[in-house]
Amino acid sequence: MSSHTVEPSLPPTSEVPESPLAGPQLERTARPPAARLPRRLAELVDTHALTLLRATVGIVFVGFGVLKLFPSASPAEQLAVDAATKMTLGLVPETVLLLSLAALETAIGIGLIAGRRLLRPALLAFFLHMGGVFSTLFLLPDAMWQPHSPAPTMEGQYVVKNVVLVAVCLVVAAHEWSRGDGRRSRGR
């Protein structure tokens, strides 16, 4: 009969027992303050991302809306008037159209910035307004597209860049509308 003896196994020498400072605490103390700044900034942005998105698009809308209140101050003024005139079949005076667009854009911006009860109506108005904005690509093809080319003109680029604003507001709307009406029960 052969007998086997089993020797106790020891942990590999590369393993070091856990220090009480291991983990996040050690990580925080080991890094200099300048190295922690990007992480803290990222956490701050992550926490407030939707508010940041809402506010920045709101500021853009307030800015462009207010510009339309001053004659020739907005680079998109004539383009907006020409498109709105086509949409209304020329039945609404240009001054009324421009003031209406200024008021609409400013109201959308204020609603996005303020949030709360103004956010849902502002988002609805935003998406309707974007429908009108993008319709200029078809209503004013000579102003929007270069001749004999699928490339947009400078005015066309001004319109097309709004896809970024649409994407931002889709994210904001998805978050807002996914919350349902449960927020009212919490007193918001």
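This is a short talk through one predicted model, going from the overall layout to the core, one helix, the salt bridges and a few odd residues.

Okay, so keep in mind throughout that this is a predicted model. The protein has 10 helices and zero strands, so if you read along the sequence the pattern is just α-α-α-α-α-α-α-α-α-α. There are 188 residues, and 27% of them count as buried. The protein exposes about 12,900 Å², with carbon and sulfur atoms supplying 67% of that. And for how the chain comes together: take the contacts between residues at least 6 apart in sequence, and 65% of them join residues at least 24 apart.

Let's go inside. In soluble globular proteins, nonpolar side chains tend to be buried together. Here, the largest nonpolar core has 23 residues, and the ones touching the most other members are V57, F61, L112, L123 and F126. Which helices supply at least two residues each? That would be α3 (49–67), α4 (77–87), α5 (94–114), α6 (116–139) and α9 (162–178). The top contributor is α6, which gives eight residues to this core.

If you want one residue to click on, pick F126. Leaving out residues up to four places away in sequence, F126 touches F61, I108, L165, V166 and C169.

Now α5, since we've just met it in the core. How far apart are its end C-alpha atoms? They are 30 Å apart, and that agrees with what you'd expect, because 21 residues at 1.5 Å a residue should span 30 Å. Quite a list of residues in α5 is buried: L97, L98, L101, A102, E105, T106, I108, G109, G111 and L112. The cover over those buried residues includes α3, α4, α6 and α9. Right after α5 comes G115, with a positive phi near 70 degrees.

You may have spotted a glutamate in that buried list, E105. That brings me to salt bridges. A search of the whole structure finds four of them. E105 pairs with K68, and the closest N and O atoms are 2.9 Å apart. This pair links distant parts of the chain: K68 sits in the loop between α3 and α4, E105 is in helix α5, and they are 37 residues apart. Are the two partners buried or exposed? K68 is buried, and E105 is buried too.

Compare that with R39 and E43. Their closest N and O atoms are 3.3 Å apart. Both belong to helix α2 (residues 33–47), and because they are four residues apart there, about one helical turn separates them. R39 has 46% relative accessibility, so it counts as partly exposed. E43 comes in at 43%, so it is partly exposed as well.

Then there's a little network: R120, E176 and R179 are linked by salt bridges. Within that, the side chains of E176 and R179 meet at 3.9 Å, N to O. E176 counts as buried because its relative accessibility is 4%, while R179, at 26%, counts as partly exposed.

Next, a tyrosine. Y158 is in helix α8 (residues 154–160). With 26% relative accessibility, Y158 counts as partly exposed. Setting aside residues up to four places away in sequence, Y158 touches F64, P75 and A76. Its C-alpha atom is 9.1 Å from that of M144, which is 14 residues away along the chain.

Last stop, backbone oddities. Most residues other than glycine have a negative phi, and most peptide bonds are trans. So which residue in the loop between α3 and α4 has a positive phi? S72, with phi near 65 degrees. S72 lies in the loop between α3 and α4, and K68 from the salt bridge is in that loop too. S72 counts as exposed because its relative accessible area is 65%. H148 also has a positive phi, near 60 degrees. You'll find H148 in the loop between α7 (141–144) and α8. With a relative accessible area of 87%, H148 counts as exposed.

To recap: 10 helices and no strands, a nonpolar core of 23 residues, and four salt bridges, including the K68 and E105 pair. That's my tour, thanks.

Key
Residues are numbered from 1 along each chain as its sequence is written. This is a predicted model: local features need pLDDT of at least 70, side-chain atom pairs count only at pLDDT 80 or more; totals for chains, interfaces and linings use all residues. Side-chain values use heavy atoms; hydrogens and water are left out. A nonpolar core is a set of buried Ala, Val, Leu, Ile, Met, Phe, Trp, Tyr and Cys residues joined through side-chain atoms within 4.5 Å. Buried means under 20% relative accessible area, exposed over 50%, partly exposed in between (1.4 Å probe, protein chains only). Contact means heavy atoms within 4.5 Å. The expected span of a helix is 1.5 Å times one less than its number of residues. Accessible areas come from the Shrake-Rupley method with a 1.4 Å probe; for residues, only the protein chains shown count as cover.
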